[in-house]
Each structure stands twice: as C-alpha cells, then as structure tokens.
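Open the model in your viewer and keep a selection box ready. The stops below follow one another by what to select next.

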Amino acid sequence: MTYQLVAADLDDTLLRDDLTISQETIDAMHQAVAQGVTVTIATGRSFPSAAKIANQIGLNVPIITYQGALIKNLLDEEVLYERTVPVESARFLLDFCEKRNLHLQLYHGDQLYAGEDNDKIKNYVRLSKTPYIIGDLRQWIDIPQPKLLIVDTPEICDQIREELLPLLGDQMHITKSKPHYLEFMHKEGTKGHAITFLAEHIGCSLENVIALGDAWNDREMLEVAGLGVAMDNALPELKALANYVTKSNNEDGVRHVIEKFILNV
C-alpha cells in the first residue's frame with residue numbers, strides 16, 4: 001500500500017509526556033514529506049496552539065484543529081473546513097453547566113473563554129499554552145463556537161456524558177479527549193469528518209490514509225483511515241478497533257509507523 005496522507009494526534013501521540021518531539025521523529029516526518037506524503041496533525045487543540053508545534057516540526061500543510069471542527073492552512077491561515085456548534089445547543093449546555101456549577105470553556109476566533117479563573121482553566125492552559133479571557137459566558141455563547149469543553153473528574157465527565165447524550169447527542173458530537181475533558185462539537189466536527197475532507201482536498205482516497213491516536217476522540221479518524229493506528233499508551237477500546245498498535249508516545253510510536261509503512265526501514 002502506498003500511503004499519501006498521515007495525520008497524527010498531538011497530546012499523548014506525537015508529543016511525549018514532556019510535550020516534546022524527538023528529532024528522530026521529526027526527521028522521519030520530513031523524509032515522508034520528501035517522498036510526496038502529506039504529513040499533518042489532527043488535534044483538539046486550538047489553531048494557534050497546534051500551529052506553534054507544526055511550525056516547530058517544519059510543516060507547511062493544512063492542520064486539523066478543535067477535534068476536526070476547523071482545518072486551516074498553516075502558512076496563510078485560509079479556512080478550508082469549518083463546523084460550529086448550533087447556538088441553541090450551546091445555550092442549552094451553558095444553562096446545564098450553570099445549574100450544576102460545572103466548569104465550561106468556550107472557543108471563538110482562536111480565543112479561549114471561561115467564567116472563572118480557577119485551577120481547571122490554569123491546568124488546561126499550562127498544557128495547551130493558550131491565552132484566555134475570564135468573564136460572563138453569556139456574552140459569548142451566541143457567537144460561532146468550534147467546540148465547548150467541560151473540565152471535571154473522569155467520573156463526573158462520564159456521568160455528564162451519559163446524561164447529555166439523550167438530550168444533545170442528535171445535535172452535537174460529544175467525546176472525551178482526556179479522562180477529565182468532555183468536549184462538544186458540531187456533528188460533523190470530528191477528526192473522521194476532517195480526515196475525509198482533507199483526503200479529498202489533496203486528491204487521495206481514504207485507504208491511502210494513516211491516522212494515529214490514543215484517546216476516544218481519535219476513534220472516528222482511525223475508523224475512516226485505511227490504516228488506523230493506536231499508540232501503545234492508548235485506551236484499550238481504541239486499541240481494539242485499530243488496525244495496528246504502535247509503540248507508546250514516549251517511545252516514538254509515530255516514527256515507528258512512518259518508518260515501517262512509508263520509509264520501509
């Protein structure tokens with residue numbers, strides 16, 4: 001099989017636990033690009049946060065951000081694909097969170113908004129390096145949102161997800177990117193939809209796509225890609241549906257896949 005597109009998640013996939021990427025992995029990505037392969041990232045992070053890493057790697061392609069709700073060119077920042085959360089659904093979610101005293105984050109124009117400057121937002125931005133604004137979320141809830149995010153314990157996130165699926169599941173895509181992150185996007189704002197669009201955009205079929213991830217929010221792209229790869233540190237459920245399980249993020253699992261399936265090392 002000749003693969004033409006490689007899309008890797010960032011956190012716990014391409015990035016090691018210390019948020020770095022080995023030079024060997026970067027070199028393998030550049031070698032794949034030199035062979036005509038489009039190598040990109042597919043992340044839940046915002047475009048500015050993801051773009052910093054893509055620029056460090058030396059990519060110059062469209063990147064998939066906000067779980068698949070936004071694809072933008074890295075160089076000129078042209079928007080190629082965008083899906084925003086329905087306003088009524090966003091309002092419903094804000095009402096729900098206010099009644100339960102849950103921490104909700106909004107995103108618009110690559111800006112992050114929260115209602116309270118607490119440890120949840122501080123820990124989140126420590127990872128994503130995203131600037132944020134604190135204020136009344138009602139003043140921003142009606143503007144287009146690529147995603148909304150609840151931060152809480154894994155148990156509470158699971159409980160909320162089960163409660164909201166019957167209420168919002170037909171209007172929004174609800175998934176977890178980390179055990180304590182519950183994310184809400186447009187129904188077509190998934191990594192699977194984004195990979196499908198990007199493959200068509202560059203003129204390749206889905207069977208010629210490699211997608212790599214570790215968490216449940218990566219499921220849709222692993223399912224549509226010709227080669228869906230789970231990291232060794234991935235959720236057991238994701239490993240079960242993957243076509244291939246590679247080494248962990250700390251063992252250069254992405255490099256291993258590129259060398260095995262593209263560079264034939």
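Helices (H or I, at least four residues) and strands (E, at least two) are DSSP runs, numbered from the N terminus. This is a predicted model, in which local features need pLDDT of at least 70 and side-chain atom pairs count only at pLDDT 80 or more, while totals for chains, interfaces and linings use all residues. Residues are numbered from 1 along each chain as its sequence is written, and side-chain values use heavy atoms, with hydrogens and water left out.

**Stop 1: glutamine 56**

Select helix H3, residues 47–57; glutamine 56 lies in this helix. Glutamine 56 is exposed, with a relative accessible area of 63%. Here buried means under 20% relative accessible area, exposed over 50%, and partly exposed in between (1.4 Å probe, protein chains only). Add alanine 28 to the selection: from C-alpha to C-alpha, glutamine 56 and alanine 28 are 14 Å apart in space, and they are 28 residues apart in sequence.

**Stop 2: the E3–E4 hairpin**

Move on to strand E3, residues 62–65, where Pro62 and Ile64 point one way, Ile63 and Thr65 point the other way, and all are buried. Now add strand E4, residues 70–73, which pairs with E3 in the antiparallel sense over 4 bridges. Two strands count as paired if DSSP finds at least two bridges between them. To check the register, pick proline 62, which stands opposite asparagine 73 in E4. The two strands form a hairpin with 4 residues between them, and tyrosine 66 in the turn has a positive phi of about 50°.

**Stop 3: the six-stranded sheet**

Strands of a sheet pair through backbone hydrogen bonds, either parallel or antiparallel. Select E8, E7, E6, E9, E11 and E10: in that order, these 6 strands form an open sheet with mixed pairing. Its edge strands are E8 (132–134) and E10 (172–178), each of which pairs on one side only. From one strand to the next, the twist averages 25°.

Begin at the E8 edge. Strand E7 (residues 111–114) pairs with E8 in the parallel sense over 3 bridges, and alanine 114 stands opposite isoleucine 134 in E8.

At the other edge, E10 and E11 run antiparallel and are joined by 6 bridges. Lysine 176 stands opposite leucine 182 in E11. E10 and E11 form a hairpin with 2 residues between them. E10 is mostly covered, with 7 of its 7 residues buried.

**Stop 4: helices on the sheet**

Keep the sheet displayed and add helix H5, residues 119–128. H5 lies across E6, E7, E8, E9, E10 and E11, running at about 45° to E6. Axes are lines fitted to C-alpha atoms, for helices over the stretch in contact, and angles run from 0 to 180 degrees between N-to-C directions.

Next, add helix H4 (residues 87–100) and helix H6 (residues 154–168), which pack at an angle of about 145° with their axes 12 Å apart. The crossing of H4 and H6 is right-handed, meaning that the near helix is turned clockwise from the far one by less than a right angle. Which residues make the contact? From H4 they are Ser89, Phe92, Leu93, Phe96 and Arg100, and from H6 they are Ile160, Glu163, Leu164, Leu167 and Leu168. Contact means heavy atoms within 4.5 Å.

**Stop 5: strand E12 and its neighbours**

Select strand E12, where 5 of 5 residues are buried. Val209, Ala211 and Gly213 point one way from E12, and Ile210 and Leu212 point the other way. Strand E1 (residues 5–8) pairs with E12 in the parallel sense over 4 bridges; alanine 7 has alanine 211 as its bridge partner in E12. Strand E13 (residues 227–230) also runs parallel to E12, joined by 4 bridges, and the bridge partner of isoleucine 210 in E13 is leucine 227.

**Stop 6: asparagine 217**

Finish in the loop between strand E12 (209–213) and helix H8 (219–224), where asparagine 217 is found. Is asparagine 217 buried or exposed? Asparagine 217 is buried, with a relative accessible area of 5%. Its side chain makes a polar contact with the side chain of glutamine 67, at 2.6 Å. A polar contact is a pair of N or O atoms within 3.5 Å; within protein, one must be able to donate a hydrogen and the other to accept it, and residues adjacent in sequence count only if both atoms are side-chain atoms. Not counting residues up to four places away in sequence, asparagine 217 touches Gln67, Thr175, Lys176, Ser177 and Lys191.
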